[in-house]
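Open the model in your viewer and keep the selection panel at hand. The tour below goes from one selection to the next.

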Amino acid sequence: MDTIDYKILHCLKENARQKASAIGETINLSVSAVLERIRKMENSGLIEGYTVMLDQKQLGNDMTALMEVSLEHPRFYDPFTEMVRNNENIVSCDYLTGDFDFILKILTDTSESLEAIHRQIKSLEGVSATRTHFVLKNVKDERTVIPE
């Protein structure tokens, strides 16, 4: 990785559908050189894929909640994380240090569906405590940090 690769990553972070010619103009590099560098970053696994960001409110998901979850014992880790992976409303899950073991980000359409998810989580064997926070407004939602 060199400064040119970082510049390409910044361009892709801004708009992953940007044409190689536009990136080349921005960073003063030929189209073929831009494409080759992107291919190398994809092949090395640095670029894992491309995605689309959706407006969740337009999709009917008007409610976002963060739920902290504690487990009684580490032996409950695997069944808990399996449930998380299988629930489409849980869009992220981080394993933590501190008072709680996990923090989940949940997107859903109504408080009733959030309640159902909450009941499902609370009823899992090994879940000892939860604490739920309702998101009032998203201020920043970055997916990556690219060194300057």
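Which residues of helix 2 and helix 3 meet? The model is a predicted one, and this is the first stop. Select A20, S21, I23 and G24 in helix 2, then V31, V34, L35 and I38 in helix 3; these two sets meet each other. Sorted by class, this contact holds six nonpolar and two polar residues, with no charged ones.

Now draw the two axes. Those of helix 2 and helix 3 come within 8 Å, crossing at roughly 105°. Angles of 65 to 115 degrees count as roughly perpendicular, and helix 2 and helix 3 are therefore described as roughly perpendicular to each other.

Next, keep helix 2 (residues 20-27) and add helix 1. The axes of this pair come within 10 Å and cross at roughly 125°. Helix 1 and helix 2 are therefore oblique to each other, and the crossing in which helix 1 passes helix 2 is right-handed. To show the contact, select I4, K7, I8, C11 and L12 on helix 1, together with I23, T26 and I27 on helix 2. The classes here are six nonpolar residues, one polar and one charged.

The third pair is helix 1 with helix 3 (residues 31-43). Their axes lie 11 Å apart, and the packing angle is about 85°. That angle makes helix 1 roughly perpendicular to helix 3. On the helix 1 side select I4, D5, I8, L9 and L12, and on the helix 3 side V34, R37, I38 and M41. Seven of the residues in this contact are nonpolar and two are charged, while none is polar.

Some residues come up at two stops. I4, I8 and L12 of helix 1 are in the contact with helix 2 and also meet helix 3. In helix 3, V34 and I38 meet helix 2 as well as helix 1. I23 of helix 2 is in the contact with helix 1 and meets helix 3.

Leave the helix pairs and turn to the largest pocket, which holds about 1600 Å³ of space. Its lining consists of 42 residues; select T51, M53, D141, E142 and R143 to find those nearest the centre. Then colour the elements that give two or more residues to this lining: helix 1 (3-14), strand 1 (63-71), strand 2 (90-95) and strand 3 (102-108). Helix 1 gives the largest share, five residues. Coloured by class, the lining shows 20 nonpolar, nine polar and 13 charged residues.

Methods. Residues are numbered from 1 along each chain as its sequence is written. This is a predicted model: local features need pLDDT of at least 70, side-chain atom pairs count only at pLDDT 80 or more; totals for chains, interfaces and linings use all residues. Side-chain values use heavy atoms; hydrogens and water are left out. On a 1 Å grid over the protein atoms alone, a cavity is a set of points where a 1.4 Å probe fits but cannot get out, and a pocket is an open set with protein on both sides within 12 Å along at least five of seven lines; lining residues have an atom within 4 Å of a point. Grid points are joined across faces, edges and corners, and a volume is the space filled by probe spheres set on the points. Helices (H or I, at least four residues) and strands (E, at least two) are DSSP runs, numbered from the N terminus. Ala, Val, Leu, Ile, Met, Phe, Trp, Tyr, Cys and Pro count as nonpolar, Asp, Glu, Lys and Arg as charged, and the others, Gly among them, as polar. Axes are lines fitted to C-alpha atoms, for helices over the stretch in contact, and angles run from 0 to 180 degrees between N-to-C directions. Angles under 35 degrees count as roughly parallel, over 145 as roughly antiparallel, 65 to 115 as roughly perpendicular and the rest as oblique. A crossing is left-handed if the near helix is turned anticlockwise from the far one by less than a right angle, and right-handed if clockwise. Contact means heavy atoms within 4.5 Å.
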